[in-house]
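Here are two short exercises for you to try with the structure open beside you. Have a go at each task before reading its solution.

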Amino acid sequence: MHLKRTTRTLIAAAALAALASCGAPGGGHPADETTKAAHPAPAKKQNTVPGLPGMPPVLDPKDVYAADRPNKLSPVVKDFPSRVYVPNTESDTVTVIDPKTYKVIETIPVGRQPQHVVPSWDLKTLWVNNDRGNTLTPIDPRTGKAGKTVDVHDPYNLYFTPDGKYAVVMASLDRELVFRDPHTMKRMKTVPVSCYGVNHADFSTDGRYFIVSCEFSGELLKVDTAKMQVVGQQKLPFRGAMPQDVKISPDGKRFYIADMMADGMWVLDGDKFTTPTLLPTGKGAHGLYVSRDSREMYVSNRGEGTISVFDFRQNKLTKKWRLPQGGSPDMGGVSADGKVLWLSGRYDAEVYAIDTRTGEQLARIKVGSGPHGLAVYPQPGRYSLGHTGIFR
């Protein structure tokens, strides 16, 4: 009798060991409900993407924007006042708007020709890219106060690698991608490029590469993030192409590149980096902004005063909104709750607030001259990849 109990104990122990070594249900060793409750099978992993080392885990491999849901603010930014920061390229100022009242509450003097207001990777700082002033002006989004400028040559646009290790300056006139310390902005590595006008970018789902638009030579670059080197380059198949904003699809399978001369957006397979196809949207296609539910993307057509709405699931344009009295919708972002699209009016010294449900213009606000890459802040997300707010 004692021997039988010992044998049964050994058998049970072996079965449990076999189950443990399987690491997953269905390993050929069935267990009863009691065993399952005591040793639950591991949950199916959502993150199946081997990301760039040091990059925060991908929340959902089918949706790179999973962290950007309405009002899903990081603890870092949840107490920041909601503001719209507008860089005025010809006034050398940043206009600050209260989005609740649609009123201008402050005008901050900055350096020469501010192009974009860029949230830092850690979400704690807004960097104003003073392109011709060769400086960056930091703004504390908690207080709205500007800090001491930092010398950075030709900072047309600014991005951050997904691991937070580097800032990447798009030095358009210098024809360089400059990798810098994300806090001090000390130059770490300079990557010369052969195209003209490095401009906008976005990163692959795994963060291992990014696609860059070169607006003055009508080209695209593919850059290896870890190696910090260009691994692909191609000329767009349109005479006079002038690529602008870049955004990846929620599923990570395609990149969209707005083209203000081709009047549409290029659809690119980033992994293969083959020749993209053109989807017409409207005259002067410029900015690309994804909705908070990852279903749609708003395309600002600067040359005709419209916004096209692209449906990712249907893979087609479904709506076009026209601004009353026209306008020149350029760069911007979506409100934290996803209800308002904010865009600068580049040639009209104004900013537009647009209802994302109806396309109705909610407000038209006068700002300085040449408003460009405005930032709506704070926005949902765990970290920033730069520009006017690309969050993951």
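**Exercise 1.** Locate Ser300 in this predicted model, decide whether Ser300 is buried or exposed, and find the partner of its side chain.

*Solution.*

Step 1. Begin with the place in the chain: Ser300 belongs to strand 22, which covers residues 296-301.

Step 2. Next, look at accessibility. Buried means under 20% relative accessible area. Ser300 has a relative accessibility of 1%, so Ser300 counts as buried.

Step 3. Now list the neighbours, leaving out residues up to four places away in sequence. Ser300 touches Gly284, Ala285, His286, Gly287, Thr306, Ile307, Pro329, Asp330 and Leu343.

Step 4. Finally, zoom in on one of these neighbours, Asp330. The backbone oxygen of Asp330 is reached by the side chain of Ser300 at 2.7 Å.

**Exercise 2.** Do the same for Asp251: where does Asp251 lie, and what does Asp251 touch?

*Solution.*

Step 1. Asp251 sits in a loop, with strand 17 (243-248) on one side and strand 18 (255-259) on the other.

Step 2. Partly exposed lies between the cut-offs of 20% and 50%. Asp251 has 29% relative accessibility and therefore counts as partly exposed.

Step 3. Not counting residues up to four places away in sequence, Asp251 touches Pro61, Lys62 and Thr205. Val64 is 187 residues from Asp251 in sequence, yet their C-alpha atoms are 6.6 Å apart in space.

Step 4. Last, check the side chain of Asp251. One of its polar atoms lies 2.9 Å from the backbone nitrogen of Lys253, and a polar contact of 3.5 Å links it to the side chain of Arg254.

Definitions and conventions:
Residues numbered from 1 in each chain as written. Predicted model: local features only at pLDDT ≥ 70, side-chain atom pairs only at ≥ 80, totals over all residues. Heavy atoms only, no water. Helix = DSSP H or I, 4+ residues; strand = E, 2+ residues; numbered from the N terminus. Buried < 20%, exposed > 50% of the residue type's maximum accessible area, 1.4 Å probe, protein only. Contact = heavy atoms within 4.5 Å. Polar contact = N/O pair within 3.5 Å; in protein donor to acceptor, adjacent residues only side chain to side chain.
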